[in-house]
Amino acid sequence: MKNKKERLWRIKDFVFQKKTYLYAIFAVITWATAPVFFKIGVQSLSFDTAVFWFLLFGGVALTIISLKRLQHINLKKFIIFSIIVGLATAVHYLGYVYGIMSQQVSLSVAIVKTSPLFQLLFAALFLKTIITKKTIVGMLTCFLGAVIITTELRFQSFQLSLPILSTLIAAVAWGFLLI
């Protein structure tokens with residue numbers, strides 16, 4: 001009887017692991033293709049309409065998450081927190097949407113995904129997080145990867161355009177939100 005129960009648990013564990021991997025693969029594919037579908041979806045929209053919808057859905061999601069995390073905080077702190085998060089979210093989505101609509105999706109996403117670099121900088125600045133040598137190596141790798149993708153190693157002909165600058169500002173704002 002004991003062996004039968006153990007085998008049953010092993011089978012359930014195996015099935016659970018398989019489902020977990022399938023969910024992870026689905027999440028990666030969804031996360032990776034979302035900017036492409038976003039660009040396709042907003043081609044017929046104006047910039048301000050696209051930003052409005054992005055802010056609406058992003059704002060609702062952030063509000064729900066914030067309310068669950070901040071149940072025991074006073075009203076004044078909550079209002080200040082909401083204003084800061086709202087402004088940072090708006091700056092992020094303005095830059096991200098403008099970048100996606102104005103240049104290649106792969107370039108915009110590569111720049112925005114440097115936000116963990118800025119998150120580490122903000123964490124060190126505001127939260128006094130200690131940055132180790134290993135962290136510095138990771139930050140440099142992230143930075144150099146973004147430089148290579150953005151400039152395509154043509155430094156003489158590279159110009160910092162408004163779409164690149166806007167997505168860089170979006171990455172900074174998202175990095176601030178992540179701390």
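Helices α3 and α7 run roughly antiparallel to each other, and that pairing is a handy place to start with this predicted model. The reason is the angle: α3 (residues 75–102) and α7 pack at about 150°, and anything over 145 degrees counts as roughly antiparallel. The two axes sit 7 Å apart, and the crossing is left-handed. On the α3 side, the contact is made by I84, V85, A88, T89, V91, H92, Y93, G95, Y96, Y98, G99 and S102. From α7, the partners are L162, P163, S166, T167, I169, A170, A173, W174, F176 and L177.

Zooming out, the protein chain comes to 7 helices and 0 strands, so read from the N terminus the element string is simply α-α-α-α-α-α-α. Contacts that span a long stretch of sequence make up much of the picture: taking contacts with a separation of 6 or more, 79% join residues 24 or more positions apart. As for burial, 25% of the 179 residues count as buried. The accessible surface of the chain comes to about 13100 Å², and carbon and sulfur atoms account for 72% of that area.

Next, the rings. A search of the whole structure turns up 6 aromatic pairs. One of them joins F52 and W53, with 5.2 Å from centre to centre and 75° between the planes, which makes the pair edge-to-face. Neither ring's residue is buried: F52 has a relative accessibility of 47% and counts as partly exposed, and W53, at 41%, is partly exposed as well. Another pair is made by F126 and F176, whose ring centres are 6.1 Å apart. Their planes meet at 80°, so this pair is also edge-to-face.

What does the F126–F176 pair tie together? F126 belongs to helix α5 (residues 115–126) and F176 to helix α7 (residues 162–178), so the pair links parts that are 50 residues apart in sequence. Both phenylalanines are partly exposed, since F126 has a relative accessibility of 47% and F176 has a relative accessible area of 28%. The pair is also part of a bigger arrangement, as ring pairs link F122, F126 and F176 into a cluster. F176 thus turns up in two settings, because besides its ring pairing with F126 it is among the α7 residues that make the contact with α3.

After α5, the backbone has a feature for anyone checking torsions. K128 has a phi near 60°, which is a positive value in a residue other than glycine. Where does K128 lie? It is found in the loop between α5 and α6 (133–151). Is K128 buried or exposed? With a relative accessibility of 65%, K128 counts as exposed, because the cut-off for that class is over 50%.

On the far side of that loop, I136 lies in helix α6. I136 has a relative accessible area of 42% and is partly exposed. How far apart are I136 and L120 in space? Their C-alpha atoms are 9.6 Å apart, and the two residues are 16 positions apart in sequence.

Technical notes. Residues numbered from 1 in each chain as written. Predicted model: local features only at pLDDT ≥ 70, side-chain atom pairs only at ≥ 80, totals over all residues. Heavy atoms only, no water. Helix = DSSP H or I, 4+ residues; strand = E, 2+ residues; numbered from the N terminus. Buried < 20%, exposed > 50% of the residue type's maximum accessible area, 1.4 Å probe, protein only. Contact = heavy atoms within 4.5 Å. Areas by Shrake-Rupley, 256 points an atom, 1.4 Å probe, with all protein chains shown as cover. Phe/Tyr/Trp six-rings, centres within 6.5 Å; stacked < 30°, edge-to-face > 60°. Axes fitted to C-alpha atoms, helices over the stretch in contact; angles between N-to-C directions. Parallel < 35°, antiparallel > 145°, perpendicular 65-115°, else oblique. Left-handed = near helix turned anticlockwise from the far one by under 90°.
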